[in-house]
Amino acid sequence: MSTEQELKQAVESRRNFAIISHPDAGKTTLTEKLLLYGGAIHQAGAVKSKRAQRQATSDWMELEKQRGISITSTVLQFDYHNFQINLLDTPGHQDFSEDTYRTLAAADNAVMLIDAAKGLEPQTRKLFEVCRMRSLPIFTFANKMDRPSREPLELIDEIEQELGLQTYAVNWPIGLGDRFQGVYDRRTEQIHLFQRTAHGSTQAQSTVLSITDPKIEEVLDQELYFQLKDEIEIIEEVAPDFDLKRIHNGELSPMFFGSAMTNFGVQLFLDAFLEYAQPPEAHQSSLGEMNPTYPDFTGFVFKLQANMDPKHRDRVAFVRVCTGKFEKDMTVNHARSGKTVRLSRPQKLFAQDRDSIDNAYPGDVIGLNNPGMFAIGDTVYTGQKIVYEGIPSFSPELFAYLKNPNSSRFKQFHKGVTELREEGAIQIMYSKDESKRDPILAAVGQLQLEVVQYRMENEYNVETRLEMLPYKVARWVKGGWEALDEVGRLFNTAIVKDILDRPVLLFKNQWNLQQVEGDHPELQLSAIAPLER
Ligand code: G4P
């Protein structure tokens, strides 16, 4: 097979996605069930027990132990129906950080998982905005239909009203809560009635019937049947038409209803997802749009992980392969430094296992041991020089002065702050007032602050102190200081500068932000930092 054919085949058979959700919506449960249907595990519960096992052996980073949570993000890879599926983990809960956003820069598709009783929740909304910025295809899965939940039409309406995202219901629930029995699949016009298995640990058995099959009356109670027919009629009439192009542009979201816990609808979701998801996509670069079948290996770093394995105290750079074929022991160029580097110990990641790999293709993620060379957004390439667009900084929500009480350790303090910032562990800002020289740590999640303090102490030998600031929202100003000077005094706003000396406005809450936006419509504010160029 020629290289071109090999690449084409690899791209066509790969689908990569990340799940965006609010804590507790069921991400872990759904992930586990996808692995179950993908044959990667045979009994659900494995992921969680693995988590328990890991805590028991507790040879992970001290901080992880203290917090009892995982800050080690993973890429899960499994085969299903001749596809290789890469599921990029988006850390949530307390470990929500900028990495959660950055992971979406490496994803080709997103699955928006919502709790059908709660509808849209804050973390989902934030992550949705990043998907929108990238025009990622978004698949919506309304989970926990086995519990009292909102009416499906109400959920659809909320998504459309609040996110401005149209949905295309691919399947439709039959009954809700206790009466949830299965789903109607609009693709095949069949109903799937499921049986519950103990804790949903094995695949759910189902009865499949055409919607026109007279036997339906025997298996489905009349009321549910008529309700289903009514609802199908409504969606056929009012819902937008199926349009794969709009799905791939992120304008139309295929919508699914199910229950990850009982496995209802999980397989149908997976099948439809594979049919509609976009294959590894092209990325913008200094050479223009790079098609994944471009023959030379290229990729970019979207995440760095320090001290994953305390036995090695190493750092791992996660690279999204964009084009060409990656081969073990390859010598590649590092665009930012101009150096060449031999990538001799790549790792593919399945849960917490690190298996060395030989090859990787577009849409894959490889973990590279990083002796401090890589930063977020860095390009690696073979062949002609190329630089990918980079990954922007996202609006931080926690701000704190980082104090160094011991002035004799100034040098180490400065080095630590600079290196951690360059690595992308945290954003750093400074007060406009030159006399206040303490760096302001600007984080998306609490854990980032803790990681910085922990690493300052363990890697740079500096004990630091945090002094929290009362802000929750940051906005960059389009047009910089000039634009800001023109608007004059702003109320309830602190002005700081980022590392590139650009003005950043900090607000105590959304309300203060809205007030400033209302008072100064001429001021253009952005929640995402313009890329450094
Ligand atoms: P997360 O990763 O998004 O935070 O959510 P996770 O999967 O851990 O699920 C959160 C809780 O919701 C878990 O209950 C889980 O069992 C439950 N859950 C997930 N999917 C469904 C579903 O389809 N139906 C119902 N009824 N519940 C669901 P828990 O009590 O916190 O944990 P556990 O004791 O069940 O493990």
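Let me start with the ligand. By class, the shell around the ligand has five charged, six polar and four nonpolar residues. That shell holds 15 residues, and the closest are Gly26, Lys27, Thr28, Thr29 and Met261. Everything I show today is from a predicted model.

Which helix gives the largest share of the shell around the ligand? Helix α2, residues 27–37, with three residues.

The helix α2 also packs against another helix. Its partner is α11, residues 266–276; the two axes are 10 Å apart and the angle is about 75°. The helices α2 and α11 are therefore roughly perpendicular to each other. On the α2 side the contact is made by Lys33, Leu34 and Tyr37, and on the α11 side by Val266, Gln267 and Leu270. Sorted by class, the contact of α2 with α11 has four nonpolar residues, one polar and one charged.

Next, the domains. The protein is divided into three: domain 1 is 13–177 plus 240–279, domain 2 is 284–381, and domain 3 is 398–526. Between domain 1 and domain 3 there is a contact, with seven residues from domain 1 and eight residues from domain 3. The side of domain 1 that touches domain 3 consists of three nonpolar, two polar and two charged residues.

Now the sheets, beginning with the one made of four strands. This is an open sheet, its order is β7-β8-β9-β10, and the pairing is antiparallel. Why do β7 and β10 each have one side without a neighbour in the sheet? Strands β7, at 171–174, and β10, at 206–210, stand at the edges with a single partner strand each, so one side of each is left open in that sense. On average, neighbouring strands of this sheet are turned by 25° against each other, direction ignored.

Going through the pairs, β7 and β8 run antiparallel and are joined by four bridges. Asn171 has Asp185 in β8 as its bridge partner. Asp185 in turn has Gln190 in β9 as a bridge partner. Strand β8, residues 182–185, pairs with β9, residues 190–194, over four bridges, again in the antiparallel sense. Within that pair, Tyr184 is matched with Ile191 of β9. The hairpin of β8 and β9 has four residues between the strands, and there Glu189 takes a positive phi near 55°. One helix goes with this sheet: α9, residues 222–238, lies across β7 and β8 and runs at about 155° to β7.

The other sheet has eight strands. Its order is β27-β24-β26-β25-β29-β30-β28-β31, and this sheet too is open with antiparallel pairing. At the edges are β27, residues 465–469, and β31, residues 525–526, each pairing on one side only. What does β31 pair with? Its antiparallel partner is β28, residues 473–477, over two bridges. In that pairing, Trp476 has Ser526 of β31 as its bridge partner.

Two helices to mention here. Helix α13, residues 446–459, packs on the sheet and touches β24 at 398–403, β26 at 440–443, and β27; the direction of α13 makes about 135° with that of β26. Helix α15, residues 510–519, also packs on the sheet, where it touches β28, β30 at 503–507, and β31; the direction of α15 makes about 30° with that of β28.

That is what I have; I'll take questions.

Key
Residues numbered from 1 in each chain as written. Predicted model: local features only at pLDDT ≥ 70, side-chain atom pairs only at ≥ 80, totals over all residues. Pairing = 2+ DSSP bridges. Axes fitted to C-alpha atoms, helices over the stretch in contact; angles between N-to-C directions. Near = placed C-beta within 6 Å. Nonpolar A, V, L, I, M, F, W, Y, C, P; charged D, E, K, R; others polar. Domains from an automatic or database assignment. Parallel < 35°, antiparallel > 145°, perpendicular 65-115°, else oblique.
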